[in-house]
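Reader: Hey, could you give me a close look at the strands in this one, and follow them wherever they lead? I'd like it residue by residue, please.

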Amino acid sequence: MLFIKEVGNNMPIDPEFMNKSTVGEHNGHKMRGEVKPPEKLGVHGTSVAVDHDVCEGDGICISVCPVGVFDWVDSPGHPVSDKKSDPVNEPACVFCRACEVQCPVQAIKITEI
Ligand code: SF4
């Protein structure tokens, strides 16, 4: 019998996330999409966008970012993970895309704007 491990909601960040309305700001970056804490947290950031409803709190982005764009934010009660990577230093991004490539659940989209 084959067992497949469910990982998060199995959906990557929506590549069209910028078409969604901005619903507020958090730690100096914009939030888009549906935000109803603690279950729905939306997409955080613009040039460095992290879908907090996809993020599993793996932390590889924090490890690989050469300029310290990310920091942890607690998300108690969220159905996927109780901590998220947050692009708190978004303007520092040098667009190397290491985070986007390494994220195991494709929660990150980098856009040079
Ligand atoms: S693209 Fe590179 S510099 Fe920008 S947030 Fe990701 S890892 Fe950091």
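Author: Let's start with terms: strands here are DSSP runs of E with at least two residues, numbered from the N terminus, and two of them pair if DSSP finds at least two bridges between them. Keep in mind that this is a predicted model, where local features need pLDDT of at least 70, side-chain atom pairs count only at pLDDT 80 or more, and totals for chains, interfaces and linings use all residues. Numbering runs from 1 along each chain as its sequence is written.

Now, β1 covers residues 22–26 and β2 covers residues 29–32; the two run antiparallel, joined by four bridges. One of the partnerships is T22 with R32 in β2. Two residues lie between the strands of this hairpin, and N27 takes a positive phi near 50°.

R32 is a handy place to move on from, since its bridge partner in β3 is V43. β3 is just residues 43–44, and two bridges pair it with β2, again in the antiparallel sense.

That leaves β4, residues 48–51, which takes us inside: with three residues, β4 gives the most to the largest nonpolar core. Such a core is a set of buried Ala, Val, Leu, Ile, Met, Phe, Trp, Tyr and Cys residues joined through C-beta atoms within 7 Å, where buried means 20 or more other C-beta atoms within 10 Å of the residue's own, with C-beta atoms placed from the backbone. This core has 17 residues, and those with the most contacts inside it are I13, A49, C61, A107 and I108. Take I108: beyond its neighbours within four places in sequence, I108 is in contact (C-beta atoms, placed from the backbone, within 7 Å) with I13, A49, V50, C61, C99, E100 and C103. In soluble globular proteins, nonpolar side chains do tend to be buried together.

Notes: A residue is buried if 20 or more other C-beta atoms lie within 10 Å of its own, exposed if 12 or fewer, and partly exposed in between; C-beta atoms are placed from the backbone. Two residues are in contact if their C-beta atoms, placed from the backbone, lie within 7 Å.
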